[in-house]
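Thanks for making time this morning. I would like to walk you through one model, going from a small sheet to the way the parts fit together.

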Amino acid sequence: MAELKSRKTSGETEEFFELEYTGRKGLLCSIGNIRVMTDVSGVEDVTLDVAGEISAKTLPVKIGDLPESSALRGKRRPHMAENGKECTLELENSIPFGEEPCVARKIRVEEKLISCTLDIRMRASCRVKNISVGGLEIAGAVRKVIFPVENNKEVDFEALEEGTVFYDEKTLPALAVFETKKSSIAFAPGDDLWRWEFAGRFQGTSRFLMKKEDGKVKFLWEIFTLDPGVEEVPDGRNIRLTYLLSWKEKRAEKVKKLKCKTSFNMASADFQESFRRKNADETLAKTGCFACQGTENILKKFVRQRLENAQEGDCFAITNVVVGECWNASHLERAKAKNLRHQDLAALVDFRSWAKRQLGRKGADIELVTVEDSPLKGWMGFY
Ligand SMILES: [Zn+2]
C-alpha cells in the first residue's frame with residue numbers, strides 16, 4: 001500500500017498521510033498524532049483519535065429493528081491521493097436480514113478535516129417506522145461542549161450527572177465543539193440540512209440528542225420516527241447524509257503565518273442575484289452561496305487563472321469568507337422545489353480540496369480566510 005514518509009522541506013517538517021491494514025482487515029489512516037481507524041469494536045465503527053486524548057467514534061445505524069452491528073462486513077476500499085495530503089476510505093456493510101438494507105460510508109481525511117458521506121440503501125419494500133443513522137460517541141476527558149453559532153453556549157460536561165440529556169432538538173447544531181484540556185473535536189452537518197430534516201415530509205419527526213453516558217458524550221441521530229396514529233408506513237428509500245469533523249491539538253498548535261500572494265475577496269466581489277444566498281424571509285444576502293455552481297465557477301476561475309504561473313511555495317487565498325444558510329433550491333439543482341434549507345460549508349471545503357490538488361502540482365497552495373468574528377475561524381481548516 002502507498003506510504004509516504006515525512007520529509008523535510010525548507011527547514012519545516014511536512015507531514016504526509018500513512019495508510020495501512022490493521023487486524024481484522026480494518027484500515028488505519030494516520031498523520032502525526034491523528035489516527036482514523038475502522039473496524040476496532042465492530043463493523044460500523046470508524047474512530048477519529050486525536051493524540052490519544054479525545055476520540056469520536058461512529059455509532060451503528062438502525063433501520064426499524066435491524067441494527068448495523070448485525071451486518072456483514074463488506075468492502076473496505078482505501079485510496080491515497082498522489083500528493084499524500086488526502087486519504088479516502090470507502091466502507092460498506094450489508095445487513096443480511098429482512099429487506100437486506102446496506103450502509104456505506106465514504107470518509108475523506110485531509111489536514112484538520114474529515115468529510116463523511118453516509119449512504120443508506122433501502123428497497124421500497126423496506127418499510128419501517130424508525131430510522132436512526134447512529135451518531136457519534138465522544139470519549140476522553142471531555143470538559144466542555146460548546147455551540148459557537150448559538151452565542152457560544154457552553155455546557156459544563158464535567159459537572160453533569162450521568163444520564164443527563166443536554167441537547168434535544170429537531171435539528172442538528174450548526175457547529176458543536178467537544179473539548180478536553182488539551183484537544184478538541186468539532187462537528188458540523190454537511191450542506192444537506194433538508195435531508196437531515198426530511199422526516200416532516202413523511203409524517204414523521206426527527207430528533208437529535210446529546211447525553212452523558214459512561215462519562216462519554218452520546219450524540220444520537222434519530223432521523224425518522226413515524227408520528228403516532230399514522231397507519232401508512234412510507235416506502236423505503238435511499239438516504240444520503242453528510243457531515244464534517246475537525247480537530248485541534250492545543251499543545252501542538254503552531255500558528256502558521258500566511259503569506260498569500262493574491263487573494264479573492266468575497267466581501268468586494270459582485271455576485272449576480274441567482275448566485276446569492278437566500279435568507280429564510282426570501283431576502284438576498286450580498287455574498288454568493290458556495291453551494292451554487294455559479295459561485296463555485298467564479299472561485300475555480302480565480303484558481304485556474306493563477307495556475308499557469310504558480311510557483312513552488314506560492315499561496316493564494318479566498319478572504320472574508322462567510323459560511324451560512326441558504327434557501328434557494330436551484331443551487332442544489334432541484335428543479336421541483338423552490339426552497340430547501342442548506343448551508344454551504346461542505347461545498348466550500350470541497351472547492352478547497354479541488355484547488356489544493358490543482359495548485360499542489362506546482363507546489364503552490366490555497367487557504368480560506370474567514371471574516372474576523374466567524375465561529376468557524378480555526379475549524380475545518382479555515383484561517
Ligand atoms: Zn444556496
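**A walk through the model**

Let me start with one pair of residues: threonine 262 has phenylalanine 316 of β26 as its bridge partner. Before I go further, please keep in mind that this is a predicted model, in which local features need pLDDT of at least 70 and side-chain atom pairs count only at pLDDT 80 or more, while totals for chains, interfaces and linings use all residues. Residues are numbered from 1 along each chain as its sequence is written. When I say helix or strand, I mean a DSSP run, numbered from the N terminus, with H or I over at least four residues for a helix and E over at least two for a strand.

That bridge belongs to the pairing of β23 with β26, which is parallel and runs over four bridges; two strands count as paired if DSSP finds at least two bridges between them. The open sheet around them has three strands in the order β23-β26-β29, with parallel pairing. Because β23 (262-265) and β29 (365-370) are at the edges with a single partner strand each, one side of each has no neighbour in the sheet. Neighbouring strands here are turned against each other by 20° on average, direction ignored. Helix α2 lies across β23, β26 and β29, and runs at about 165° to β23, where axes are lines fitted to C-alpha atoms, for helices over the stretch in contact, and angles run from 0 to 180 degrees between N-to-C directions.

Just there, aspartate 314 is worth a look, in the loop between α2 (293-307) and β26 (315-321). Is aspartate 314 buried or exposed? It is partly exposed, with 18 other C-beta atoms within 10 Å; on this scale, with C-beta atoms placed from the backbone, 20 or more other C-beta atoms within 10 Å of a residue's own make it buried, 12 or fewer make it exposed, and anything in between is partly exposed. Not counting residues up to four places away in sequence, aspartate 314 touches Lys261 and Ala364, contact meaning C-beta atoms, placed from the backbone, that lie within 7 Å. Its C-alpha atom is separated by 6.3 Å from that of aspartate 365, although the two are 51 residues apart along the chain.

Now to the other sheet I want to show. Nine strands form an open, antiparallel sheet in the order β10-β11-β12-β13-β22-β19-β18-β15-β16. Its edge strands, β10 (72-80) and β16 (153-156), each pair on one side only, and the twist from one strand to the next averages 15°. Within this sheet, β13 and β22 pair in the antiparallel sense over eight bridges, and threonine 117 has threonine 242 of β22 as its bridge partner. Helix α3 packs on the sheet, where it touches β12 (102-110), β13, β19 (183-189) and β22, and its direction makes about 70° with that of β22.

How do the parts fit together? The domain assignment, which is automatic or from a database, gives domain 1 (7-249) and domain 2 (262-370). Taken over C-alpha atoms, the centres of domain 1 and domain 2 are separated by 26 Å, and 15 residues of domain 1 are in contact with 14 residues of domain 2. On the domain 1 side of that contact, the elements giving two or more residues are β13 (113-121), α1 (193-196) and β22 (239-249).

The largest nonpolar core has 93 residues, of which Ile185 and Leu244 touch the most other members; such a core is a set of buried Ala, Val, Leu, Ile, Met, Phe, Trp, Tyr and Cys residues joined through C-beta atoms within 7 Å. Helix α3 (residues 345-360) gives the largest share of this core, seven residues. Both domain 1 (7-249) and domain 2 (262-370) contribute residues to this core, so it lies between them. Leaving aside neighbours within four places in sequence, the contacts of leucine 244 include Leu113, Ala188, Leu345, Val349 and Met380.

That last contact brings me to methionine 380, in the segment after β29. Methionine 380 counts as buried, with 26 C-beta neighbours inside 10 Å, and its phi is near 55°, a positive value in a residue other than glycine. Aspartate 214 also has a positive phi, of about 50°, without being a glycine, but aspartate 214 is exposed, with 8 other C-beta atoms within 10 Å.

Technical notes
Contact = placed C-beta atoms within 7 Å.
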